[in-house]
Structures are given as structure tokens and as C-alpha cells.
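Welcome! Have a look at the chain below, and then we can walk through some of its sheets, helices and empty space together.

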Amino acid sequence: MTRLETQGLAAKNAERRLMTATMAEKNTALLAMAQAIVARRDEWLAANAEDMKAAKRAGMREALLDRLALDEKRINAIAEGVRQVAALSDPVGQVVSSTLRPNGLRIERRRVPLGVVGIIYEARPNVTVDAAALCLKSGNAVLLRGGKEAFRSNKAVTAILRDALEEAGLPRDCIALVEDTSRQSAQEMMDLTGYLDVLIPRGGAGLIRTVAQNSHVPVIRTGEGVCHVYVHAGADLDSAARILYNAKCSRPSVCNAAECVLVDRAVAQKFLPMAWEYLKKKNVLIHGGAEVCAILGDKAVPATAEDWDMEYGDYQLAAHVVTGIEEAMDFIAVHGTGHSEAIITNDYAAAQTFLDGVDAAAVYVNASTRFTDGFEFGLGAEIGISTQKLHARGPMGLEELTATKYVVYGSGQVRE
């Protein structure tokens, strides 16, 4: 039995205990985890400092360094997120529906945990805690496989969480970290069908596609975020420029950041220079179509075909001029990833057309795509943003980490 299979078996055994854990037991463990994160933050910060040194030596981009970095403020916020998960309603055991059949059978559908959740993710140590907290509250054991860039950080915080679990009376193997960060371990997780019930990749488009195409374990695709902001002819242009700046620049490395702006030709001449006044604060590199380059001159570089499908994760933005809402929606249908799309307009009919005609997990009117987030949607932390349609779509909170089963009450009925 391989090391990973041993961890999978331990997680499976721990999950059986979690299936019968009460809400009080799980909440006690979560609060203990939050307390331990704060009390032992120096251990986590020391490990993260080593990861940061190695990442800088390796030439990691600034936006990705920001995702990797921890400080006392971020750790306090992560711990508060765990407390918020403890305060949420427990979905396990909720009765989704109940019917009484003519033969006297009462048939209920109840929410139950998925089982053992595997997560493959990249350089974001906060994901370790978010995933552990959400899985625990929803009754799932979790097997975590982070990237090599955050290995020391992930190892340190996983030890903290496992100790807190044990002290709270739940199996420490409810949470486990795969300590091999090679491609081989990722492939082994994709083949761990006897132990994992679902596999969730979180990271760049390459990681997500690789897992989705190669996994024998069922996959929930998350995070591919080629998000668009469409500035309609009926937009308040100053508001549109501020929204675009927030959607692109507030945190460019995350999956809900805007990667492309579409601008109606009727307002492009006025809007694009206004937008540049905001975007230049962060030295955003604009990859523009021909009309964009004609308007902005040397403030933009000519876009290539690849730019329309690019998830930059950095201070770069594709920009394209369209003739109207139908062309904008057609463009999004071809180049979007089903994550988050926004229209900026004061035209009610155009807004409704966009809401009805754009196929994405989240569609916005006059707001930044950066709100596609479990916390912002009132779900607490999130396990990821699902861009698929089966089982879960959009920010995945506690409810999305459950399935349902039928519970049937009888009084001696037999089928004729």
C-alpha cells in the first residue's frame, strides 16, 4: 500500500466517524482550530517566511507572491473565517423533501456528506484552512495536496489543525496533507478511486484542465476565470471605469478578476481614455484590438488571438470594441469560461438581455466581478468557484459539499 493509499484509508475511516458527529462536536472542533491558528501563528509565519524566500529566489511574479504571503492580519482573518463557518447552519441531516406515498411509505431526501474530498491546489496557504473548515462542518474528511511553493506553510498549519481536532475529540485524520508535491502524487490522487469520492482542483487553467482530463475520481472544476466587463452604450462611464479598475486591479491574481473589457463602439472613444486614467495607477498592460489601439495609441499593445482566452492573473487586460450587446454576448460565449461576467449599463432592457443571455455561474449588472466569493455571497469561506453545471455551480459553500440520500420509513409494506 502506497503512502497516499494509507492516507486515503485513514481519511475514509475518519469520515465514518464524522458522518455521525453532532453539530456541537464539529463546531467545538472548528473553534479549537481557529484558536490554535492564532495561538500558534508564529509557527505558521516562520514556515511561510521560508516559502516566501524560496519563491522570490525562484522569480515568482509579484501577484503570486501576494497570494502566498501571510502576515498577522491575514492569519487573524483566516481564523475569523473558521469561526464564521462554525456559526453557519449545518447542512448535514437537513430534510430537502418529504412525501407520504399512498401505500403509507414516508420518503425523505436528506443532505449527507460527500465522503472524502481531495483537493489539489497551488500557492495559497489560506486554502488549506478554508478547505479543512468547510469539509469538517459538512461532515467530509479532506485530503489536501498543495503546491511546492507553499509546502512549508501548508505543512505547518495542517499540523496545527490536526492537533486541534484531536484535542476536540475528533480524529486527526479528518484533515491530512499529501507531503509529496510532485506531479506523480497529483496523478496518484486522480487514480485514488477506492478512497476519494470527489476531487477538486484549485489553481490555474492548466492545472484544472489536466485534472479534469486525467482523473478517474469524479471532478468538480473550479476557478477558470476569463471574466469580462462589458461597457454598454447606456453605461455611466465614470462608474464603469471605477468598476473595471476594481475588477482588474483590486487583486489581479484571483479567478474572479476581470481579464477582458468589451466596450460599445458608441462610447469607446470617450470611455477608454477614462478607464486608462484608473488603470495606469497599476501600470496595467492593455492588449487591445485594432480600434482600442487606434484610440489609446502607445498606451496599448496589439492583441493576439491568444489574448482573448488568456487568464493573465496579473496587471494585464485584454480590450475589444464591439458593435452592441449581441456581439458582446457572442464574444463572451466563445471566450468566457463560465465564471463571472458583468454588464455596466443604465438600460434596463439591455441588463435583462445580458442576464438572460450570458451563460456563467455569476452574472452582474453594474458591479465588479470580484464579488464572486463565498464570503461575499454569505456562504462563509468557499471550497472554490465551480464553473460547471452538474452538482454545484458558483461559490461552493457547505451545501455544495453535500449530496442527498433517500430515507424511507415503512410499517411492514411489501411490493406486489
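## A parallel sheet

Let us begin with one pair of residues: Y121 has R202 of strand 6 as its bridge partner. Please keep in mind that this is a predicted model. A second pair works in a similar style, with G118 matched to L199 in strand 6. Both pairs help us to look at how strand 3 (residues 116-121) and strand 6 are joined: they run parallel, with 5 bridges between them. As a rule, strands of a sheet pair through backbone hydrogen bonds, and the pairing can be parallel or antiparallel.

Now let us look at the whole sheet. It is an open sheet of 4 strands with parallel pairing, and the order is 5-4-3-6. Strand 5 (175-177) and strand 6 (198-202) are at the edges; each has a single partner strand, so one side of each has no neighbour in the sheet. On average, neighbouring strands here are turned by 20° against each other, with direction ignored. Helix 1 (residues 3-19) packs on this sheet, where it touches strand 3, strand 4 (141-145) and strand 5. The direction of helix 1 makes about 150° with that of strand 4.

## Strand 6, at the edge but enclosed

Is strand 6 largely enclosed or left open by the rest of the structure? Strand 6 is largely enclosed, because 5 of its 5 residues are buried. Being at the edge of the sheet leaves one side of strand 6 without a neighbour in the sheet, yet the rest of the structure largely encloses this strand.

The side chains of a regular strand alternate between the two faces of the sheet. In strand 6, V198, I200 and R202 point one way, while L199 and P201 point the other way, and all of these are buried.

## Two residues of helix 7

Helix 7 (residues 151-167) is home to T158. Why does T158 count as buried? The reason is its relative accessibility of 4%, as buried means under 20%. A polar atom of the T158 side chain lies 2.7 Å from the backbone oxygen of N154. Leaving aside residues up to four places away in sequence, T158 touches T128, I175, A176 and L177.

L165 is also found in helix 7. With a relative accessibility of 0%, L165 counts as buried too. Leaving out residues up to four places away in sequence, L165 touches A29, M33, L136, L170, P171, R172, C174 and I175. You can also try a distance in the model: L165 and S182 are 17 residues apart along the chain, and their C-alpha atoms are separated by 28 Å.

## An antiparallel sheet

For a contrast in direction, turn to an open sheet of 3 strands, with the order 1-2-16 and antiparallel pairing. Its edge strands are strand 1 (95-100) and strand 16 (402-409), each of which pairs on one side only. Neighbouring strands of this sheet are turned by an average of 20° against each other, again with direction ignored.

Strand 1 and strand 2 (residues 106-113) run antiparallel and are joined by 5 bridges. To find one place along this pairing, look for S97, which stands opposite R109 in strand 2.

## A cavity and the strands beside it

Rolling a probe the size of a water molecule over the atoms shows where empty space is left. How many cavities of 30 Å³ or more does a search of the whole structure find? The search finds 1. The largest cavity holds about 40 Å³ of space. Its lining is made by L244, V261, F271, L272, A275, W276, L279, I286, L296, L317 and A319. Helix 11 (265-279) and strand 11 (316-322) are the elements that give two or more residues to this lining. Helix 11 gives the most, with 5 residues.

One of the lining residues, I286, also stands opposite A300 in strand 10. Strand 9 (residues 285-288) pairs with strand 10 (residues 300-302) in the parallel sense over 3 bridges. Strand 9 also pairs with strand 11 in the parallel sense, over 4 bridges. Along this second pairing, H287 has A318 of strand 11 as its bridge partner.

Technical notes: Residues are numbered from 1 along each chain as its sequence is written. This is a predicted model: local features need pLDDT of at least 70, side-chain atom pairs count only at pLDDT 80 or more; totals for chains, interfaces and linings use all residues. Side-chain values use heavy atoms; hydrogens and water are left out. Buried means under 20% relative accessible area, exposed over 50%, partly exposed in between (1.4 Å probe, protein chains only). A polar contact is a pair of N or O atoms within 3.5 Å; within protein, one must be able to donate a hydrogen and the other to accept it, and residues adjacent in sequence count only if both atoms are side-chain atoms. Contact means heavy atoms within 4.5 Å. Two strands pair if DSSP finds at least two bridges between them. Axes are lines fitted to C-alpha atoms, for helices over the stretch in contact, and angles run from 0 to 180 degrees between N-to-C directions. On a 1 Å grid over the protein atoms alone, a cavity is a set of points where a 1.4 Å probe fits but cannot get out, and a pocket is an open set with protein on both sides within 12 Å along at least five of seven lines; lining residues have an atom within 4 Å of a point. Grid points are joined across faces, edges and corners, and a volume is the space filled by probe spheres set on the points.
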